[in-house]
Amino acid sequence: MSRPALDVTHRMVPSPAGRIHLVEQGTGPLVLLVHGFPESWYSWRHQLPALASAGFRAVAVDVRGYGRSSKPADPAAYRMLDLVEDNVAVVHALGEPSAAIVGHDWGSPIAANSALLRPDVFRAVGLLSVPYTPRGGPRPTDVFAGVGGDDEFYVSYFQQPGRAEAEVEPDVRGWLAGFYAALSADTMPAPNAPDPHFVGRGGKLRDRFRAERLPAWLSEDDLDVYAAEFERTGMTGPLNRYRNMDRDWEDLADFDGAPITQPSLFVGGALDASTTWLTDAIKAYSTTLPGLVSSHILDDCGHWIQQERPAEINRLLTEWLGGLPV
């Protein structure tokens with residue numbers, strides 16, 4: 001898939017992080033787009049023009065720690081409460097009282113918590129790939145430590161400062177290519193192959209990257225865009241999100257089990273572990289997302305959903321957004 005021509009505006013706005021870089025296209029009701037790991041505003045390159053054409057002001061941010069946004073040195077500065085306040089600051093800096101917010105991967109819980117904590121600012125929430133799971137249960141690091149048997153879950157692997165950086169940063173482009181391919185529908189490992197979400201004891205995550213080609217959604221030019229950003233910034237800022245999950249669990253104790261009541265949308269990929277592992281969370285939406293407008297599972301789709309299936313995601317987003325109360 002070739003890189004789309006984008007008629008966008010880049011700008012920097014103040015935030016508690018220092019400043020947030022964003023990319024904007026269109027006019028109309030504001031839609032804030034929040035990417036996941038390891039991505040950037042560029043993950044929304046197909047949605048920006050589609051939403052603009054549908055009459056929305058589409059704004060994709062670089063989450064703090066990524067791209068041109070500020071990168072605080074303190075690992076604790078990447079807790080969920082701070083990321084929510086960044087999103088609020090972006091909305092206000094753009095001169096808007098409120099916005100719909102849409103997130104993918106880590107951007108999905110960031111968007112969900114933005115809606116949960118600041119319903120005065122975020123009037124609707126769209127979640128891609130990662131279902132909403134309210135705060136609750138045991139401490140996250142204890143849960144992750146028990147996943148995988150003899151193997152180590154990738155989240156636990158990412159939590160130790162410097163460890164994943166040592167794997168990724170010597171060959172950012174190659175690592176990204178392998179990671180993207182491992183979670184894409186057309187290049188993911190066979191069901192009987194070692195799971196790329198786990199690390200063998202003493203090994204590296206990339207030991208299980210088996211694809212010999214890029215997924216169809218990712219061109220060499222697209223990969224260059226992603227690689228250039230992470231080669232410039234390093235991986236510590238993005239990985240610090242994983243290193244705050246226990247802090248989030250503590251910070252959000254007052255919201256244990258809390259539902260999100262604003263109008264919501266969920267879209268997942270049928271071949272995405274984020275969807276299949278969390279089927280119980282999807283089944284609980286009548287309780288946890290009582291404002292759910294529609295929920296969709298796309299057949300033969302992996303994790304990078306808005307890039308793997310841009311036309312379908314654009315249609316679902318514009319139909320949902322177009323039906324929201326003014």
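Which loop holds Ser-129? In this predicted model, Ser-129 falls in the stretch linking strand 6 (122-128) to helix 4 (140-145). Its backbone is a bit out of the ordinary: most residues other than glycine have a negative phi. Ser-129, however, has a phi near 80°, a positive value. The residue is also well out of reach of solvent, since its relative accessibility is 0%, so Ser-129 counts as buried.

Asp-105 tells a similar story. Phi of Asp-105 is positive too, near 55°, and Asp-105 sits in the loop that runs from strand 5 (99-104) to helix 3 (107-117). With a relative accessible area of 10%, Asp-105 is buried, because the cut-off for that label is under 20%.

Another backbone oddity turns up at Pro-38. Most peptide bonds are trans. The bond between Phe-37 and Pro-38, though, is cis, with omega at about -10°. Pro-38 belongs to the loop between strand 3 (30-34) and helix 1 (47-53).

Phe-37 leads straight into the interior. The largest nonpolar core counts 97 residues, and Phe-37 is among those with the most contacts inside it, along with Leu-32, Phe-158, Trp-175, Leu-176, Tyr-180 and Leu-205. Helix 7 (residues 172-182) supplies the largest share of this core, with seven residues. Such a grouping fits a broad trend: in soluble globular proteins, nonpolar side chains tend to be buried together.

Phe-158 shows what those contacts look like up close. Leaving aside residues up to four places away in sequence, Phe-158 touches Phe-37, Ala-164, Trp-175 and Leu-205, as well as Leu-239, Tyr-242 and Arg-243.

Methods. Residues numbered from 1 in each chain as written. Predicted model: local features only at pLDDT ≥ 70, side-chain atom pairs only at ≥ 80, totals over all residues. Heavy atoms only, no water. Core = buried A, V, L, I, M, F, W, Y, C linked by side-chain atoms within 4.5 Å. Buried < 20%, exposed > 50% of the residue type's maximum accessible area, 1.4 Å probe, protein only. Helix = DSSP H or I, 4+ residues; strand = E, 2+ residues; numbered from the N terminus. Contact = heavy atoms within 4.5 Å.
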